[in-house]
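Me: I have a structure open and want a quick tour of its backbone, packing and surface. Can we go through it piece by piece?

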Amino acid sequence: MMRNCFRYLPLAATLLLGAAPAVAQTEPIINDSLSLEGTLRGVLEANPGLTQLDELVAQADSRIAQTRTGLLPLVTGTATYTRLDPVAKVDFPTADGRVQSLAFVPNNNYDAHITAQYLLYDFGQNRARIAVTESQRVGAQNNVAAARRDLAYAAIQSYYAILLMRQSVAVAGEQVKSLQAHQREVEKRVVGGIATKFDVSQTKVRIAQAENLRLDLANQLRQQEIQLARLLHRPDGATVPVRGRLTYAPLQPNEPTLVQRAMDQRIEMKQARDARQTADLSRQLQDRIGKPTLGIGAQVGAKNGYQPDIQQIRPNFAGVVQLSVPIYDGNKTRNQRVEAQAGVRAADARILDVQEQVRADVRSAISEIQSQSARYDNAIIQITEATDALTRARARQRAEVGSNLDVLDAETALAQARLSQLQATYGYLLGQYKLKRAVGDEIQ
């Protein structure tokens with residue numbers, strides 16, 4: 001019966017970003033019991049997956065810095081030694097009748113120089129590359145925000161599930177105590193001859209059923225505590241109790257307003273728009289690739305090999321202006337442009353798909369809230385009627401006009417109504433956070 005409450009618990013979501021072990025993580029300071037705020041803070045601080053995503057943002061920053069180097073001069077220092085053997089020589093006769101060889105280059109060649117190069121004009125190719133990498137960085141930041149949101153929602157599910165199970169265990173415990181008190185009363189009636197041992201047996205069976213329910217709920221409570229401990233990356237076997245109670249606070253959501261707000265601030269919409277911008281910037285970059293480039297360069301250094309004394313190391317200087325004009329690249333650039341244009345169209349289609357998904361998420365969350373609100377109101381009526389029925393059944397039994405089974409059925413109906421109220425409250429609270437997530441509001 002109580003297992004139905006877990007249809008609001010997609011446990012797979014709680015595995016988000018938390019599967020990796022917390023290696024080299026500083027364990028956050030967590031009190032003995034946690035409020036909702038403390039639970040969210042502890043989970044977000046403890047999860048290593050967020051650290052990984054933060055590093056991806058840092059990588060994007062590094063790529064931006066690397067791309068910006070294209071706007072700066074490139075300076076290189078080079079020193080070389082070259083041994084040539086043989087070298088070209090010319091023999092000249094001297095006045096004393098001997099022959100002297102004249103070498104045009106030395107055997108040992110030394111060259112040390114500094115080269116500076118600077119790109120004067122490239123039709124905005126570097127600027128376009130920088131814009132693409134900056135757009136990719138925004139996408140990485142949105143991924144971090146989405147991961148934090150999903151992790152926070154998983155923590156909220158676990159937090160409220162613990163509260164639900166704890167209060168449900170208390171309700172089941174109260175049912176067991178009430179049935180045990182009823183058993184003692186029935187046993188007294190057996191002694192007085194106004195009840196039978198069959199009534200006692202019936203009561204014991206209901207007590208056993210209620211105790212099984214309590215044990216099942218207690219196990220589910222333990223499972224949720226273990227799940228929260230894992231999200232908090234606590235040591236094995238260490239659970240962190242949470243404090244609080246399920247409270248019902250109805251609201252009246254306005255669908256058109258919420259849908260519009262979701263379109264403006266939902267992370268998935270931002271991701272889709274950023275992907276569209278990145279695709280468009282990539283297309284602009286491809287439009288600039290294949291254009292001519294104009295650059296200048298200068299080189300200053302010292303080397304030997306100059307006539308008339310080829311062994312003497314002398315300073316030297318060279319300057320260059322270079323215009324590069326691509327002529328044919330096997331249609332590579334044209335095909336890259338076709339690919340970039342397809343990426344833009346795909347990004348446009350993605351935006352439309354996300355818009356439909358956002359609308360559906362908002363409507364689904366509103367429907368969930370309305371359904372759980374109706375369930376809560378119905379549970380209140382059930383509690384009122386079940387309480388009255390139990391009072392009347394007990395009175396009828398004392399007056400010897402009602403059966404023991406009527407009392408047992410009324411006890412069970414009251415417990416079920418109370419559990420149904422808790423389930424509806426839990427579902428309503430999760431529905432509110434589901435709506436927050438669908439709209440893009442901060443989950444806290």
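**Loops, cores and a surface patch**

Reply: Glutamate 400 sits in the loop between helix H7 (332-398) and H8. Keep in mind that this is a predicted model.

Me: What is the phi of glutamate 400?

Reply: Phi is positive there, about 65 degrees, although glutamate 400 is not a glycine.

Me: Is glutamate 400 buried or exposed?

Reply: Exposed. Its relative accessibility is 53%, and the cut-off for exposed is over 50%.

Me: Which residue in the loop between S4 and H3 should I look at?

Reply: Phenylalanine 123 is in that loop. Its phi is near 60 degrees, again a positive value in a residue other than glycine. Phenylalanine 123 counts as partly exposed because its relative accessibility is 35%, between the cut-offs of 20% and 50%.

Me: Which nonpolar patch residues are on the surface?

Reply: Phe123 is one of them, and the others are Tyr118, Leu120, Tyr121, Leu294, Ile296, Val321, Leu323 and Val325. Together they have about 830 Å² of accessible area. The elements that give two or more residues are strand S4 (108-121), strand S5 (293-303) and strand S6 (314-324).

Me: Which strand gives the most to the patch?

Reply: S4 does, with three residues. Tyrosine 121 is located in strand S4. With a relative accessible area of 46%, tyrosine 121 is partly exposed.

Me: Switching to cis peptides. Which bond ends at proline 308?

Reply: The one from glutamine 307, and it is cis, with omega near 5 degrees. Proline 308 is in the loop between S5 and S6.

Me: And what is omega from aspartate 85 to proline 86?

Reply: Near 0 degrees, so that peptide bond is cis as well. Proline 86 lies in the loop between strand S1 (74-83) and strand S2 (89-93).

Me: On to helices. What span should helix H2 have?

Reply: Helix H2 covers residues 48-68, which is 21 residues. At 1.5 Å a residue they should span 30 Å, and the end C-alpha atoms are 31 Å apart, which agrees.

Me: Which residues of H2 are buried?

Reply: Pro48, Gly49, Leu50, Leu53, Val57, Ala60, Ile64 and Thr67. These buried residues pack against helix H1 (36-46) and helix H3 (125-191).

Me: Why does glycine 49 count as buried?

Reply: Because its relative accessible area is 8%, and buried means under 20%.

Me: How many residues apart are glycine 49 and valine 144?

Reply: They are 95 residues apart in sequence. In space the C-alpha to C-alpha distance is 9.4 Å.

Me: Now the interior. Which residues of the largest nonpolar core touch the most other members?

Reply: Ile156, Tyr160 and Leu246, out of 42 residues. The elements that give two or more residues to this core are H1, H2, H3, helix H4 (197-231) and helix H8 (404-439). H3 gives the most, with 18 residues.

Me: What is leucine 246 in contact with, leaving aside its neighbours within four places in sequence?

Reply: Leucine 246 contacts Tyr160, Leu163, Leu164 and Gln167. It also contacts Leu422, Thr425, Tyr426 and Leu429.

Me: How many residues are in the second core?

Reply: There are 17 residues in that separate core, among them Ala272, Val354, Ile366 and Leu435.

Terms used. Residues are numbered from 1 along each chain as its sequence is written. This is a predicted model: local features need pLDDT of at least 70, side-chain atom pairs count only at pLDDT 80 or more; totals for chains, interfaces and linings use all residues. Side-chain values use heavy atoms; hydrogens and water are left out. Patches are made of residues with over 30% relative accessible area and no salt bridge: like charges are joined within 9 Å, nonpolar side chains (Val, Leu, Ile, Met, Phe, Trp, Tyr) within 5 Å. Accessible areas come from the Shrake-Rupley method with a 1.4 Å probe; for residues, only the protein chains shown count as cover. A salt bridge is a side-chain nitrogen of Lys or Arg within 4 Å of a carboxyl oxygen of Asp or Glu. Helices (H or I, at least four residues) and strands (E, at least two) are DSSP runs, numbered from the N terminus. Buried means under 20% relative accessible area, exposed over 50%, partly exposed in between (1.4 Å probe, protein chains only). The expected span of a helix is 1.5 Å times one less than its number of residues. Contact means heavy atoms within 4.5 Å. A nonpolar core is a set of buried Ala, Val, Leu, Ile, Met, Phe, Trp, Tyr and Cys residues joined through side-chain atoms within 4.5 Å.
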